[in-house]
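Subject: Structure for your review

Dear colleague,

Please find below the structure that I am handing over to you. I would be grateful if you could read the notes after it with the coordinates open.

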Amino acid sequence: MTEPIRVLQILGIVAGGGVEAVIMNYYEHIDRTKVQFDFIVHNDNKIDITPKVEAMGGRVYKVTPYYKSLLVAFISVIYPP
């Protein structure tokens with residue numbers, strides 16, 4: 001069996017509605033044996049999607065928001081914790 005295609009979704013702020021709700025709805029209903037979503041989110045979100053995403057086989061990368069420190073945000077994308 002081949003590995004699923006991994007698609008990186010860059011959400012930033014997760015507030016529980018709008019774009020992230022649509023993306024999570026797609027993720028819940030796609031064939032995850034063929035396509036897996038990974039997410040880049042800010043590390044200071046009030047809503048943590050990590051348990052839900054990991055339960056479906058995805059990964060969550062938490063980064064420093066660019067508005068706090070552009071340099072740290074850039075480095076955390078290249079070298080995730």
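The notes below go from the overall fold to the aromatic residues and then to the nonpolar core.

Please note that this is a predicted model. The protein contains three helices and three strands, and these elements follow one another from the N terminus in the order β-α-β-α-β-α. The chain has 81 residues, of which 33% are buried. Among the contacts with a separation of 6 or more, 50% join residues that are 24 or more positions apart. The protein exposes an accessible surface of about 5500 Å², and carbon and sulfur atoms contribute 62% of that area.

Aromatic residues

The model holds three aromatic pairs. One of these is formed by Tyr27 and Phe37, whose rings are stacked with a centre-to-centre distance of 5.0 Å and an angle of 15° between the planes. Tyr27 belongs to helix H1 (residues 19-29) and Phe37 to strand E2 (residues 35-42), so this pair ties together parts that lie ten residues apart in sequence.

Phe37 also pairs with Phe39: the ring centres are 6.3 Å apart and the planes meet at 75°, so this pair is edge-to-face. Through such ring pairs, Tyr27, Phe37 and Phe39 are linked into a cluster.

How accessible are these residues? Tyr27 has a relative accessible area of 0% and is buried. Phe37 counts as buried because its relative accessibility of 9% is under the 20% cut-off. Phe39 is likewise buried.

Tyr27 has a further partner in Arg32, which lies over the face of the tyrosine ring at 5.9 Å from the ring centre.

Nonpolar core

Which residues make up the largest nonpolar core? This core has twelve residues, namely Leu11, Val14, Ile23, Met24, Tyr27, Phe37, Phe39, Val41, Ile49, Val53, Met56 and Val60. Helix H1 and strand E2 each supply at least two of its residues. The members of the aromatic cluster, Tyr27, Phe37 and Phe39, are thus found again among the residues of this core.

Val14, another member of the core, may be a useful residue to display with its surroundings. Beyond its neighbours within four places in sequence, Val14 is in contact with Glu20, Val41, Asn45, Ile47 and Ile49. Of these partners, Val41 and Ile49 are themselves listed in the core.

With kind regards

Key. Residues numbered from 1 in each chain as written. Predicted model: local features only at pLDDT ≥ 70, side-chain atom pairs only at ≥ 80, totals over all residues. Heavy atoms only, no water. Helix = DSSP H or I, 4+ residues; strand = E, 2+ residues; numbered from the N terminus. Buried < 20%, exposed > 50% of the residue type's maximum accessible area, 1.4 Å probe, protein only. Contact = heavy atoms within 4.5 Å. Areas by Shrake-Rupley, 256 points an atom, 1.4 Å probe, with all protein chains shown as cover. Phe/Tyr/Trp six-rings, centres within 6.5 Å; stacked < 30°, edge-to-face > 60°. Lys NZ or Arg CZ within 6 Å of the ring centre and 35° of its normal. Core = buried A, V, L, I, M, F, W, Y, C linked by side-chain atoms within 4.5 Å.
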